[in-house]
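Welcome! Take a moment to look at the model below, turn it around, and then let us walk through it together.

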Amino acid sequence: MSNSEWNDPEANVLPETVEKLESADEIPHNTDRKQIIVVGLGMVGISFIEKLMKLDVKRREYDILVIGEEKHLAYNRVGLTSFFQHREVENLYLNPHSWYASMPEGSLSYHLNTLVTTVDSEKKTVETSQGQKIPYDILVLATGSDALLPKHTPGHDAKGVFVYRTIEDLEKLIAYSATKHGSTGAVVGGGLLGLEAAKAMMDLEEFSKVKLIERNRWVLSRQLDADAGGMVVEQVRALGLDVLLGKRVGKINTDAENSVVGVTFEDGESMDCTCICFAIGIKARDELARKAGIECADRGGGIVVNTDLSTSIKDIYAIGECASWESETYGLIAPGVEMADVLAFNLTQAKSHAPRRFKRPDLSTKLKLLGVEVASFGDFFADRDGPKNVPTRRGAAKKDGSVELKPGSKELTNGTSPQSVKALTYKDPFNNVYKKYIFSKDGKYLLGGMMIGDTKDYVKLVPMVKNQKALEVPPSEFILGASKGEDDGDDLEDDTQICSCHNVLKGDVVKAVKDGTCKSIGDVKSCTKAGTGCGGCMPLVQTIFNKTMSGMGQEVKNHLCPHFEYSRADLFNIIYVKKLQSFPEIMAAAGKDPNSSGCEACKPTVGSIIASLYNKHLLDDDRRGLQDTNDRFLANIQRNGTFSVVPRVSGGEITPEKLIIIGTVAKKYKLYCKITGGQRIDMFGAKKQDLPKIWRELVDGGLESGHAYAKSLRTVKSCVGTTWCRFGIGDSVGMAVRLEERYKSIRSPHKFKGGVSGCVRECAEAQNKDFGLIASEKGYNIFVGGNGGAKPRHSELLAKDVPPDDVIPILDRYISFYIRTADKLQRTARWVENMPGGIKYLREVILEDKLGICADLEKQMQDLIGTFFCEWTEVLKSPERLKLFSQFGNTEETVDTVENVQDRGQPRPTYWPKQSITEDFRGTQWSQLAWQPLAKSEQFADSATGSSLAVKRGDTQLAIFKVKGQYYATQQMCPHKRAFVLSDGLIGDDYKSEKLWISCPYHKRNYELKGDNAGKCGNDDTVNIATFPVEARDDGLVYVKLPPVEELDGVLGTKKFVIKSEGEEKPFEKMDKVLEATSMKGRKSKNVSYLPNGMGEEAKAQQILAGEGSAPSMEW
């Protein structure tokens, strides 16, 4: 492993990060900073410094002074063996001199070759061997350990006795070995360090023979069992190392000059050698702490630390090999790095996140010793010593889902407990491969294992043990591999319904493509009607079309529509690079016909791209014609022509005052209320003309648009996290509120949702969101690409253990990259699925900056965020925009077209009739037609995308359109669902056939506006509409040629087509009878109180609104 790989990955690029921040003047210049002194510049000490600097660089809360006893900067102690080859200390440095110098001024300084001799915890100072007294606010002891030398063994102080610990130790060994050329060298200790030392002595090529002395029956006895250790012995012997097993050194033999000449073992045998290197363990360096009165462990030594790495004295911490946690010290580097990580996190991030705790460390190791691949992971001796803990699905006593086994629990009154683990073993003596994997008794959990020779699965197995998730495959597959089953093919059968609006099956689409009827996605929509209803099935229809075409060897074109021979991503880049801002500019630069008006497919896409890049108001004349109805009226249109109103409730957090405002508005305008899945309140039934009045009251009360109508961020759902929950480890509400406030109003290819859970209990369901955060002890795990909907998808892990401060940059990049590269109406789930390389590629782009665009992605998001405005607030300020919300352009009259019914105490529109109106409106023979002035020319915008207006004559509603200077008029009602909405639809054209149509905003029925086929529906032969001549005159009025009022009303009058509640289907009638027959005692009706003489919902609400009872005493 290279030196840099031991570093925190972000520490390697910290100099570049600092340079960028300094050039942007983003590093705080505050002078009120705390001084941290780190005693010890070893691998753990520098790890702590790297992690703290990384987390603190944008905060600048600390200045660090590190004091190292050696004369070298921090070096790779694990790679000491390589020093014998290059003899250059700088080659082992974990960071060069320039790295230290590149940190912000005053943030990091160091003293080398300096010993700290005293700690005065009362005055908070340390004193060095040079007599310097240095003050600290926080003291971190990373003093490490010393190599053990058996001082009870005679001859331990002889010339030629060494330990294997520091650069200085190696330099002494090298110099001495040069004087003993051709003799025998010995290493005492067959552990990891002993094998490393033996290799080093062999690499010196000074000794004719190197012998390894191990007191146990096999080497690596702390990591391997007898079979595995024995296999390693065979292999290292084959490489030339003489291994002596079961031997203990009783005496070191010396000559008259006190130089080593051999050893005598405790069994009386002896061996000649001239040099001995002891690698038999370490002893924690706790003498400085003991002298300062800090509590240290009596047995085994070490500075006693708590789970937060604090010692017995305030503001003094200990990490690494000098620390004793639960009476244990650790000689491996990994636990020390984990301690450094915990402490750095707590000093910088614990203000907005639960402090991390140091837990029992993972002692997994993977090394190459003398050319032999060796690995052990997890609880690798669980079959010998019993498992330390057993994961369980339910009944767990510990928060991490495991049950800890107490020592006494292994014995029952009648003997030992039954075996609680099972091991699978594979041994190949021909290829020197050994594997043993240990599982829980039921085979559901992997507990640990060991490997010799073939260790490639190590990286996959370690996370399985750490995460303690139930296995999805049988244990045998870990060694034998998965058996190949039958190829299932596509996951949907041909008889699967893919479009519920028109009952289209997958087989219908496949057949239409295979028989040549459909050669484009547009053909599929025309032939099968799939996607011409609500449009929710289109991503799935597109996928089926693409797969079928590919299977036939046909090219699949991902063009936006006939007007643009580009995908959405390509068109985005064209608009972005050329800085195009209007539909005519875009059509001229990238469209097939520069004069085209576009269509219902490309217009919303272009409108979304423009909004994603420039964030201008959607209702401006040159942009309004690009918007679907929801965006056009900044509200979700419902099936009775009314709209829903959804104020922003960031993170689901709302005050009582805002609840009162919402409740009062809903009561005043008789709106149906429902709590959404995204933790906010949806108010249904708002009339178009009432929307400005409703929003004026909401905005006046401090609320703002929730963008529930937009292809943009909807919500960031949260649990209560550390705000209230006793299990929370992250402030999920605080994080969710910040994320929702940051990304609100950002337009994207499709809607996207977020979630933040405060712990692994996942109450916010963050793993089925477009982006989701789950608090871990180290920060947050970031998941992406999940969604519910027609084809649910579980999200995938993008980044793990991200500190709170680093969440925003990662999400900025992710969302910006999605906006740039996704297809039209493509959720992040399908985007990630269809991305070449999938989540792995996405990680490379977002986390590793594979494309070199991360800085640009972040800037793009920052620029967008900087342009935020509340769209409804801007409407309320503009008289011209307010005019757009009238029901009719020629009268202030209002008309309801669907009757309401009371359901569970609230109004809702009666159900739609199942049948469409199939009357031949376009073929109506009128008795006579006369010109009638119905609108003003000034009410229509001269927009390249067209403009429209609803008007009323008698009881008939009409729609007037202006496209490229020409006027067109039709009935307002779409016969498909009797919806009076055509004036709110999108205008489209075909530049080849010169067809012009209006697309119904409900289910995309396209009605032609001109020519012989005027009034005909292009994608549903069962329905059609009436059209009328129209013209604008010099008097400034727009005239429509119409039959007499009575005749017109007799055919198209609104009252004739009002959807009545009488005879409404009752879908729950049978169920309600069953429930009523089995009703349980004690249940109340919905609106009454359980309390004796209780007032109930209506009376209590009226009392509060009237200020009676207890209400006047409330202080707001």
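How many cavities of 30 Å³ or more does the structure hold? There are three of them. A cavity is found on a 1 Å grid over the protein atoms alone, as a set of points where a 1.4 Å probe fits but cannot get out. Grid points are joined across faces, edges and corners, and a volume is the space filled by probe spheres set on the points. By that reckoning the largest cavity has a volume of about 50 Å³.

Before going further, a word on what you are looking at: this is a predicted model, in which local features need pLDDT of at least 70, side-chain atom pairs count only at pLDDT 80 or more, and totals for chains, interfaces and linings use all residues. Residues are numbered from 1 along each chain as its sequence is written, and side-chain values use heavy atoms, with hydrogens and water left out.

Back to the largest cavity. Its lining (residues with an atom within 4 Å of a point) consists of Leu634, Ala635, Asn636, Ser644, Val645, Val646, Trp695, Ala708, Tyr709 and Trp872. Eight of these lining residues are nonpolar, two are polar and none is charged. Here Ala, Val, Leu, Ile, Met, Phe, Trp, Tyr, Cys and Pro count as nonpolar, Asp, Glu, Lys and Arg as charged, and the others, Gly among them, as polar.

Now zoom out to the whole chain. It has 34 helices and 54 strands; these are DSSP runs numbered from the N terminus, with helices being H or I of at least four residues and strands E of at least two. Along the principal axes, the C-alpha atoms fill a box of roughly 135 × 75 × 70 Å. Of the 1116 residues, 51% are buried, where buried means under 20% relative accessible area, exposed over 50%, and partly exposed in between (1.4 Å probe, protein chains only). A contact means heavy atoms within 4.5 Å. Among contacts with a separation of 6 or more, 63% join residues 24 or more positions apart.

Next, find helix 24, residues 732–743. Its end C-alpha atoms are 16 Å apart, which agrees with the 16 Å that its twelve residues should span at 1.5 Å a residue; the expected span is 1.5 Å times one less than the number of residues. Ten of the twelve residues are buried, so helix 24 is largely enclosed by the rest of the structure. Among the buried ones are Ser732, Gly734, Leu739, Glu740 and Arg742. The cover over the buried residues includes strand 36 (713–718), strand 37 (752–757), helix 25 (804–821) and helix 28 (854–865). After helix 24 comes serine 745, with a positive phi near 80 degrees.

Helix 3, residues 43–56, makes a good companion. Its 14 residues should span 20 Å at 1.5 Å a residue, and the end C-alpha atoms are indeed 20 Å apart. In helix 3, 14 of the 14 residues are buried. Leucine 108, in strand 3 (residues 108–111), is in contact with Ile49, Met53, Ile64, Trp99, Tyr100 and Met103, leaving aside its neighbours within four places in sequence. Is leucine 108 buried or exposed? With a relative accessible area of 12%, leucine 108 is buried. From leucine 108 to isoleucine 64 is 44 residues in sequence, yet 4.8 Å in space, C-alpha to C-alpha.

The loops deserve a visit too. Lysine 124 lies between strand 4 (116–120) and strand 5 (125–128), and has a positive phi of about 55 degrees although it is not a glycine. Its relative accessible area is 23%, so lysine 124 is partly exposed. Asparagine 1093, in the loop between helix 33 (1069–1077) and helix 34 (1096–1105), is not a glycine either, and has a positive phi of about 60 degrees. Asparagine 1093 counts as exposed, at 80% relative accessibility.

Finally, look at residues 931–1039, which an unreviewed UniProt entry lists as "domain: Rieske". UniProt positions are given in the numbering used here, feature names are shortened, and annotations may be inferred rather than shown by experiment. In the model, this span is 0% helix and 48% strand, and its end C-alpha atoms lie 6 Å apart.

Conventions
On a 1 Å grid over the protein atoms alone, a cavity is a set of points where a 1.4 Å probe fits but cannot get out, and a pocket is an open set with protein on both sides within 12 Å along at least five of seven lines; lining residues have an atom within 4 Å of a point.
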